[in-house]
Amino acid sequence: MSKQTVHKTSMDQLGRKDVSSFKSSKKFPICIVLDNIRSLQNVGSFFRTADSFLIESLYLCGITGTPPNKEIEKTALGSTHSVDFKYFENTLDALHDLKQKGFRLAALEQTDKSVWLQDFIPETDEKLAFIFGNEVFGVQNEVLEMADIVLEIPQFGTKHSLNVSVSAGIVLWDTYLKNSLNLCKSPS
């Protein structure tokens, strides 16, 4: 078998949106809620992931840092300019706001009632708010009580959790893929 030559795609060939095109684009109907995220680099990673999936907005709550902040920018790489965000002192206030806007609340946490991510099937174009908790303490109990569903990413190693921003990438890719598959199904 002959070896293929592989060429990286250039920045021009990628055809990425500029900030104004991003702002005017139709967004994936998802909001990400950060419930007291302590690491500014994790916050930046959420912005970057939200940008990559055309997410509607981020809700930054409690001790979660907000832009402008050079520590957030280290991982956000400018996505704080493209992704809309709101700050709430209290996460419950953010959830009430989202409920009023018709979002289904899905917390990511390990509980006795968690649904494994692969078993979660969102409705096509369903408005979802994914709630991610503090790196040490997770999602607050009162926040879990407001959630419509609690999701868990199965894990099989020695550690009890993934990095919170890594979890977001997995959840958003999974949801995007399932939504795309729902759109491709032929009507019965």
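In the predicted model, Arg104 has Leu128 of strand S6 as its bridge partner. This pairing belongs to the contact between strand S4, residues 104-108, and strand S6, residues 128-133, which are joined by four bridges and run parallel. Both strands are part of an open sheet of seven strands, in which the pairing is parallel and the order is S3-S2-S1-S6-S4-S7-S5. The edges of the sheet are occupied by strand S3 (85-88) and strand S5 (115-116); each has a single partner strand, so one side of each lacks a neighbour in the sheet.

Helix H3, formed by residues 40-52, lies across four strands of this sheet, namely S1 (28-35), S2 (55-61), S3 and S6. Relative to S2, the helix runs at about 165°. An aromatic pair also involves H3 and S6. Eight aromatic pairs are found in a search of the whole structure. Among them, Phe46 and Phe132 have ring centres 5.3 Å apart, and the pair is classed as tilted because the ring planes stand at 55°. Phe46 is located in helix H3 and Phe132 in strand S6, so that the pair links parts of the chain that are distant, 86 residues apart.

Two backbone features occur in loops. Asn36, in the loop between S1 and H3, adopts a positive phi of about 60° although this residue is not a glycine. The peptide bond joining Pro67 and Pro68 is cis, with an omega of about -5°. Pro68 is placed in the loop that lies between S2 and helix H4, the latter spanning residues 70-76.

Helix H4 itself contains a charged pair. Side chains of opposite charge can pair when their charged atoms come close. In the structure as a whole, nine salt bridges are found. One of the charged contacts is the salt bridge of Lys74 with Glu71, whose closest N and O atoms are 3.1 Å apart. Both residues lie in H4, where a separation of three residues corresponds to about one turn of the helix.

On the surface, Trp173, Tyr176, Leu177 and Leu181 make up a nonpolar patch of about 400 Å². Of these residues, Leu181 is found in helix H7, which comprises residues 164-184.

Note on methods. Residues are numbered from 1 along each chain as its sequence is written. This is a predicted model: local features need pLDDT of at least 70, side-chain atom pairs count only at pLDDT 80 or more; totals for chains, interfaces and linings use all residues. Side-chain values use heavy atoms; hydrogens and water are left out. Two strands pair if DSSP finds at least two bridges between them. Contact means heavy atoms within 4.5 Å. Axes are lines fitted to C-alpha atoms, for helices over the stretch in contact, and angles run from 0 to 180 degrees between N-to-C directions. Patches are made of residues with over 30% relative accessible area and no salt bridge: like charges are joined within 9 Å, nonpolar side chains (Val, Leu, Ile, Met, Phe, Trp, Tyr) within 5 Å. Accessible areas come from the Shrake-Rupley method with a 1.4 Å probe; for residues, only the protein chains shown count as cover. A salt bridge is a side-chain nitrogen of Lys or Arg within 4 Å of a carboxyl oxygen of Asp or Glu. Rings of Phe, Tyr and Trp (its six-membered ring) pair if their centres lie within 6.5 Å; planes under 30 degrees apart count as stacked, over 60 as edge-to-face and the rest as tilted.
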